[in-house]
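I opened the notebook with a plain plan, which was to look up the ligand site and then the sheets, and to write down what I found as I went.

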Amino acid sequence: MQFNFRLKVSSSRALILALFLVHLISTKVLAQTPSVAATPPMGWNSWNHFADKIDDATVRTQADAMVSSGMRDAGYVYINIDDTWEAERDAQGVIHANKKFPDMKALADYVHGKGLKLGIYSSPGPKTCAGFEGSYGHEEQDAQSYATWGIDYLKYDLCSFDKIMEEAGSPEAAHKLMLDAYTKMHKALLKTGRPMVFSLCQYGADAVWRWGAMVGGNAWRTTGDISDNYERMTDIGFGQAGLAKFAEPGHWNDPDMLEVGNGKMNIEEYRTHMSLWALLAAPLLAGNDLSTMKPETIAMLTNREVVAIDQDRLGKQADRVRAEGSKEIWARPLADGSKAVGIFNRFDWPQTIEVDFLELGFKGSVKARDIWATKDLGTLPSKYVARVAGHGVVLLKVRQ
Ligand code: GLA
């Protein structure tokens, strides 16, 4: 009797130990997800330019233009359909695309045939932000549908899930509900066996950068929506100060999609946008109409040296080195031992801005290249004075 009791006690201990080990292994797996997004995802998303006016034909046109413009060869691969593709569920609860997307599998085949990947959008809530069908209660079914169609990327947008959180009773309970909802979809995606980038969108609530990787996120939006406007873009971009330590290969802070080429900012402002996003190791998801791009838009999006900063394999996001009024200096270390340095002028007319390379961790003179000017500056003393256009940037690559 006593022997049996001991046996039971020790076997239940073994069970607890085994469960603990399983827990450790699964959290490690959840926290790593290294098979996708080793560098920040690059591609295009339909929302910023097309919003609800997106359909199968437009997506194909964008995929064609991604290739013919040279963007694919510069590293842009994801063609991401945002909100408004969803129809109702059938009697079995299976989600279907609406009439704008007659055959999602055929569309994925088309996109894959161009050497690109296809992304889609949903919400952990019952409804998406535009009021379409969300994944609430159907996570595994939806993940399975995405895998069957050949989807490679999911943007998962909180939207109506906030109503469910409001009823949780306390901020702690609401927080837990949100983490559980993201974890649930992450597990559902893993269960399909198809690698998919998992992109969290909940606008930076509850300091998502602190737990986004734990719920399986490869990227997490850190802010509300961007718009094609210098004030909004810089509010977001310069507002990323302090978040660098939360980014690493497989897990990126996402200050929202690009507006480059949408027409409401000037070339200096778009350069600031592109430079800042590259320094921030942000996902580079173009948000313009790729089929009608001006040459300067193509040149900006495909600038190899700027893209290389964003995609640097070290995966270290830039942080602010100094801000003095409207003058800001940001820097990030790169895998080859050099640093990318952004010298930003937030004022709307030109200013001279002095950079002290000692402050950036260099010792004495440095070698520098001005990336947008495509000009080697040779050896510079430990200080450099840049003339920076209004709302503009000088982007340097600096080495000892
Ligand atoms: C939210 C997101 C946007 C976009 C829309 C779609 O606002 O933040 O990026 O996905 O929903 O409805």
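The entries below follow the order in which I looked things up.

**Entry 1: the model.** I noted before anything else that this is a predicted model, and I kept that in mind for each value I wrote down.

**Entry 2: around the ligand.** I asked which residues are closest to the ligand. I found that 13 residues surround the ligand, and that the closest are Asp82, Asp83, Lys155, Asp157 and Asp225. When I sorted this shell by class, I counted 7 nonpolar and 6 charged residues, with no polar residues in the shell.

**Entry 3: polar atoms at the ligand.** I then looked at single atom pairs, and for Asp82 I found a polar side-chain atom 2.6 Å from an oxygen atom of the ligand. For Asp83 the corresponding entry is a polar side-chain atom lying 2.8 Å from an oxygen atom of the ligand. In Arg221, an N or O atom of the side chain is 3.1 Å from an oxygen atom of the ligand. I also asked how much of the ligand the protein buries. The ligand taken alone exposes 310 Å², and the protein buries 92% of that.

**Entry 4: the parallel sheet.** Turning to the strands, I reminded myself that strands of a sheet pair through backbone hydrogen bonds, either parallel or antiparallel. I traced an open sheet of 8 strands with parallel pairing, and I wrote its order as β9-β8-β7-β6-β5-β2-β1-β10. At its edges I found β9 (252–254) and β10 (284–286), each of which pairs on one side only. Ignoring direction, neighbouring strands of this sheet are turned by 25 degrees against each other on average.

**Entry 5: β6 and β7.** Within that sheet I followed strand β6 (residues 153–157) and strand β7 (residues 197–201), which run parallel and are joined by 5 bridges. Tyr156 has Leu200 in β7 as its bridge partner. I then turned to the rings, where the count comes to 13 aromatic pairs. I asked why the pair of Tyr156 and Phe198 is called tilted. The ring centres are 5.8 Å apart and the planes stand at 45 degrees, so the pair is tilted, since that angle is neither under 30 nor over 60 degrees. This pair links distant parts of the chain, because Tyr156 in strand β6 and Phe198 in strand β7 are 42 residues apart.

**Entry 6: the antiparallel sheet.** I traced another open sheet, of 6 strands with antiparallel pairing, in the order β11-β12-β13-β18-β15-β16. Here β11 (319–324) and β16 stand at the edges with a single partner strand each, so one side of each is left without a neighbour in the sheet. The average turn between neighbouring strands of this sheet is 20 degrees, direction ignored.

**Entry 7: pairs in this sheet.** I saw that β11 and strand β12 (residues 327–333) run antiparallel and are joined by 5 bridges, and that Arg320 has Trp330 in β12 as its bridge partner. Strand β15 (residues 366–370) pairs with strand β16 (residues 375–380) in the antiparallel sense over 5 bridges, and Arg369 has Asp376 in β16 as its bridge partner. The hairpin of β15 and β16 has 4 residues between the strands, and in it Thr374 takes a positive phi near 45 degrees.

How values were computed: Residues are numbered from 1 along each chain as its sequence is written. This is a predicted model: local features need pLDDT of at least 70, side-chain atom pairs count only at pLDDT 80 or more; totals for chains, interfaces and linings use all residues. Side-chain values use heavy atoms; hydrogens and water are left out. A residue is near a molecule or strand if one of its heavy atoms lies within 4 Å of it. A polar contact is a pair of N or O atoms within 3.5 Å; within protein, one must be able to donate a hydrogen and the other to accept it, and residues adjacent in sequence count only if both atoms are side-chain atoms. Accessible areas come from the Shrake-Rupley method with a 1.4 Å probe; for residues, only the protein chains shown count as cover. Ala, Val, Leu, Ile, Met, Phe, Trp, Tyr, Cys and Pro count as nonpolar, Asp, Glu, Lys and Arg as charged, and the others, Gly among them, as polar. Two strands pair if DSSP finds at least two bridges between them. Helices (H or I, at least four residues) and strands (E, at least two) are DSSP runs, numbered from the N terminus. Axes are lines fitted to C-alpha atoms, for helices over the stretch in contact, and angles run from 0 to 180 degrees between N-to-C directions. Rings of Phe, Tyr and Trp (its six-membered ring) pair if their centres lie within 6.5 Å; planes under 30 degrees apart count as stacked, over 60 as edge-to-face and the rest as tilted.
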